[in-house]
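User: I am new to this structure, and I would like to understand the reasons behind the words used for it. Could you take me through them step by step?

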Amino acid sequence: MSKRRAYSMLLLAIVLAAAAALAGCGNGGSDKKLVRIGEVTRSLFYAPQYVAIEKGFFEEEGLEIELTTTPGGDKTMTALLSNVIDVALVGSETSIYVYQQGAEDPVINFAQLTQTDGTFLVAREKVDNFDWSMLKGSVFLGQRVGGMPQMAGEFSLKKHGIDPHNDMELIQNIDFANIAPAFSSGTGDYVQLFEPTASIFEKEGRGHVVASFGTESGHLPYTVFMTKNSFIEKNKDTVQAFTNAVYKAQKWVEENSAEAIADTVLPYFENVDRDILISSIDRYKQQGSFAADPIVDEAEWNNLLDIITEAGELETRTEHGVLVNTEFAEAAIAEVK
């Protein structure tokens, strides 16, 4: 054998070995199916997702999870459409927006995680006997236009006879990440906040929770696991296993205390005090924010369409059967004991 041929064979062996090593790293060195999730934000609102990972429910189903936070609905959907992630955890309204833009490969909602809005109305000053009419004439620091927090918030205000664009000074030009700091620095009389920020503000005396937009706006597919229709067609077993794991976590969350849940998800919120985690999770449990099962039902979907229509963000109603697949959720409920 010539030296040149021997060198070529050695080089080929090295390349193949390296490729095998990289393949092993990319899939955790196991035969588990890798699923890349992009979550729209890191939130206690998504506690069942972290439970599914930490309790090994995805692993039990033969899946390896790679979780990335992709801040904002637009970024999350872009990551999904460009195959950077396989599954998105984001508001269902994003799938509707993509569909109405003429997507050839629609994004399908297949497993619901939260079933109410996750924001709370926080007042700067302590309010005794709060009434929604108190917001008239106030400065309200709201969420970004077109997002579910903003739409659910405005829907709730209108339900109580408040025109958010005429009865108050509505501020909506602040990025999501800067809303809480803006309120803390003195902007606004009221603000719309997620947990654990709402509880942190209460503990530090920077604000007081006076109402829940989740309670006011009713049940809707607020945050849902979704993927492209083409991914479902090619990976039905994976989507089923994924949904099974989600349902296992939902059952675990429903059956366990806020303390147990907080201890499980603590690695994802290392900068938040345990007592704040507990109070925040308890608040979400008490108002039924965590979905009890993964089914996106038609009544919830219609409530979502009503809210988006009221906000002026919906061109035509996209019916439940177009962008929702309940097959995997129904099978999970039947299979998981």
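Analyst: Please keep in mind that this is a predicted model. A good place to start is the lining of the largest cavity, which is made up of Phe 140, Gly 142, Gln 143, Gln 150, Gly 153, Glu 154, Leu 157, Leu 170, Gln 172 and Gln 192.

User: What makes these residues count as lining the largest cavity?

Analyst: A lining residue must have an atom within 4 Å of a point of the cavity, and the residues that line the largest cavity include Phe 140, Glu 154 and Gln 192. The structure holds one cavity of 30 Å³ or more, and the space in the largest cavity comes to about 40 Å³.

User: How do the lining residues divide into nonpolar, polar and charged?

Analyst: Three are nonpolar, six are polar and one is charged. Gly counts as polar in this scheme, so Gly 142 and Gly 153 belong with the polar residues of the lining, whereas Glu counts as charged, and therefore Glu 154 is placed in that class.

User: Which helix gives the most to the lining of the largest cavity?

Analyst: That is helix 6, residues 148-159, which contributes four residues. Helix 6 also lies across strand 5 (119-123), strand 7 and strand 8 (190-194), and its direction is at about 130° to that of strand 8. Helix 7 (residues 176-184) packs on the sheet as well, where it touches strand 5, strand 6 and strand 8 and makes about 135° with the direction of strand 8.

User: How do you know which strands are the edge strands of the open sheet?

Analyst: The sheet has five strands in the order 7-6-8-5-9, with mixed pairing. Strand 7 (169-171) and strand 9 (208-212) each pair on one side only, and these are the edge strands. Neighbouring strands of this sheet are turned by 30° against each other on average, with direction ignored.

User: What makes strand 6 and strand 7 a pair?

Analyst: Pairing requires at least two bridges between two strands, and strand 6 (residues 139-141) and strand 7 are joined by three bridges in the parallel sense, so the requirement is met. Val 139 has Glu 169 in strand 7 as its bridge partner.

User: Why is Ala 47 called buried?

Analyst: Buried means under 20% relative accessible area, and Ala 47 has 0% relative accessibility, so Ala 47 counts as buried. Ala 47 is placed in helix 2 (residues 47-54), and, leaving aside residues up to four places away in sequence, Ala 47 touches Ile 261, Val 265 and Phe 290.

Note on methods
Residues are numbered from 1 along each chain as its sequence is written. This is a predicted model: local features need pLDDT of at least 70, side-chain atom pairs count only at pLDDT 80 or more; totals for chains, interfaces and linings use all residues. Side-chain values use heavy atoms; hydrogens and water are left out. On a 1 Å grid over the protein atoms alone, a cavity is a set of points where a 1.4 Å probe fits but cannot get out, and a pocket is an open set with protein on both sides within 12 Å along at least five of seven lines; lining residues have an atom within 4 Å of a point. Grid points are joined across faces, edges and corners, and a volume is the space filled by probe spheres set on the points. Helices (H or I, at least four residues) and strands (E, at least two) are DSSP runs, numbered from the N terminus. Buried means under 20% relative accessible area, exposed over 50%, partly exposed in between (1.4 Å probe, protein chains only). Contact means heavy atoms within 4.5 Å. Axes are lines fitted to C-alpha atoms, for helices over the stretch in contact, and angles run from 0 to 180 degrees between N-to-C directions.
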